[in-house]
Amino acid sequence: MKLPLLTTLLSLLSISGSPGLTHAAIPPAALSSPPATTLSQQGRDPAQFPGYVEQLKATARQQGFNQATIDAAFTGIHFVDRAITSDRSQLEHKVTLNDYLSRVLTVGKIEKGRDKLTEYRTQLESVAAGSGVSPAFIVALWAMESQFGTIQGKEDVISALATLAFEGRREAFFTKELMAALSIIQQQGMAADALKGSWAGAMGQSQFMPSSFLNYGRDGDGDGKIDIWNNVDDVFASIANYLQKEGWKAGQGWGSEVTLPSGFDSGLSGLKTAQAKTPAQWQQLGVVLKTTPQGDAPGRAWIVTPEDGDGRSFMVYDNFRTLMHWNRSYYFAISIGMMADAIAQ
Ligand SMILES: [Ca+2]
């Protein structure tokens, strides 16, 4: 079982109160159950896929891609049935925060995270110095997205994205990502079959969608290539670059778990900019810290209760909102913060 499916499905289920943030990475899936319906029952016959691919090629030409790139990208294209079944099944799952954390934040993963932090300390501190993102958060994201690079997905990304565009539920989104993948092939001089990722098109050790690769990918070791599949320097630099570009506050943590007073106005909870208060103001309202937050004290904070007023509550900072930009899931962002705190030294 891979964890990131939970991330994906939770991003769909648990984002109440988030301020219109966007997906960065759609992680791979594995614990999928069989689909309730087949594609033909949905009205689109896989036999029509080759014709659809021709339409995609025409779109690519209209967008200015050269013929060599188009030929290279679509040479091995095939229908990825698993992309359809996984995309459908993710909507059917529901888990609690505690279930989620027990699966993704294991003792073994924390121990491994500490080991990795030590093993790559030199590179991580160099990246941290340039970006303001502390090594523990880089490693936490690396851990959650790909189990420290060991589970990246083996799907042909061009085929997966074309299949998901063909499915039609999010055709515009996946077509845009497919065109971004063509840009990577053209810009990086990569072979199309080197673009490997999840069934949803998330690639490499950071599980970047192609558009995220283009926006945030960074050459960490200076060899002129951005290789988020094989080169940890590039992986670390790309993760940190993402967070930095999306507003990471150097020196600050993500937040901490809190206890809310009885009768707390649930309307105060949420991540909208207007809902921010200083930690002192929240404490005056009766909010009590359950754990000591790491990092510098922030100027503003928000209260989130992921399970809609029932369950655990958290006081979170700007960096939490940046993590929510990476993946629009409270559960995901909380797991990253807890992982980073657990491995930080
Ligand atoms: Ca490189």
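**Exercise 1.** Does S183 count as buried or exposed, and at what relative accessibility?

*Solution.* The model is a predicted one, in which local features need pLDDT of at least 70, side-chain atom pairs count only at pLDDT 80 or more, and totals for chains, interfaces and linings use all residues. Residues are numbered from 1 along each chain as its sequence is written, and side-chain values use heavy atoms, with hydrogens and water left out.

Step 1. Buried means under 20% relative accessible area, exposed means over 50%, and partly exposed lies in between (1.4 Å probe, protein chains only).

Step 2. S183 has a relative accessibility of 15% and therefore counts as buried.

Step 3. The residue S183 belongs to helix α11 (residues 171–188); helices (H or I, at least four residues) and strands (E, at least two) are DSSP runs, numbered from the N terminus.

Step 4. Leaving aside residues up to four places away in sequence, S183 touches F65, Q188 and L214, where contact means heavy atoms within 4.5 Å.

**Exercise 2.** State how many helices and strands the protein has, and what share of its residues is buried.

*Solution.* Step 1. The secondary structure comprises 16 helices and 6 strands.

Step 2. Of the 345 residues, 54% count as buried.

Step 3. Among contacts between residues at least 6 apart in sequence, 76% join residues at least 24 apart.

**Exercise 3.** Describe the geometry of the F49–F166 pair and place both residues in the fold.

*Solution.* Step 1. Rings of Phe, Tyr and Trp (its six-membered ring) pair if their centres lie within 6.5 Å; planes under 30 degrees apart count as stacked, over 60 as edge-to-face and the rest as tilted. By this rule there are 21 aromatic pairs.

Step 2. F49 and F166 are edge-to-face, at 5.5 Å centre to centre with 75 degrees between the planes.

Step 3. F49 lies in helix α3 (residues 49–62) and F166 in helix α10 (residues 157–167), so the pair links parts of the chain 117 residues apart. Put plainly, F49 and F166 are 117 residues apart, and the pair links distant parts of the chain.

Step 4. Both F49 and F166 are buried. Together with Y52 and F79, these two residues form one aromatic cluster.

Step 5. Helix α10, which holds F166, is mostly covered, with 11 of its 11 residues buried. Just after α10, G168 takes a positive phi of about 100 degrees.

**Exercise 4.** Which residues make the contact of α13 with α15, and at what angle do the helices pack?

*Solution.* Step 1. Helix α13 (residues 232–245) packs against helix α15 (residues 318–326) at about 120 degrees, with the axes 9 Å apart. Axes are lines fitted to C-alpha atoms, for helices over the stretch in contact, and angles run from 0 to 180 degrees between N-to-C directions.

Step 2. The contact involves I239, Y242 and L243 of α13 and T322, L323, H325 and W326 of α15.

Step 3. The rings of Y242 and F208 have centres 6.0 Å apart and planes at 40 degrees, so this pair is tilted. F208 lies in the loop between β2 (196–197) and α12 (210–216), 34 residues from Y242. F208 and Y242 are both buried.

**Exercise 5.** Which phi values do Q147 and F148 take, and is each residue buried or partly exposed?

*Solution.* Step 1. Q147 has a phi near 50 degrees, a positive value in a residue other than glycine. For F148, phi is near 60 degrees.

Step 2. Q147 is found in the loop between α9 (135–146) and β1 (155–156), and F148 lies in the loop between α9 and β1.

Step 3. Q147, at 23% relative accessibility, counts as partly exposed, whereas F148 is buried with a relative accessible area of 6%.
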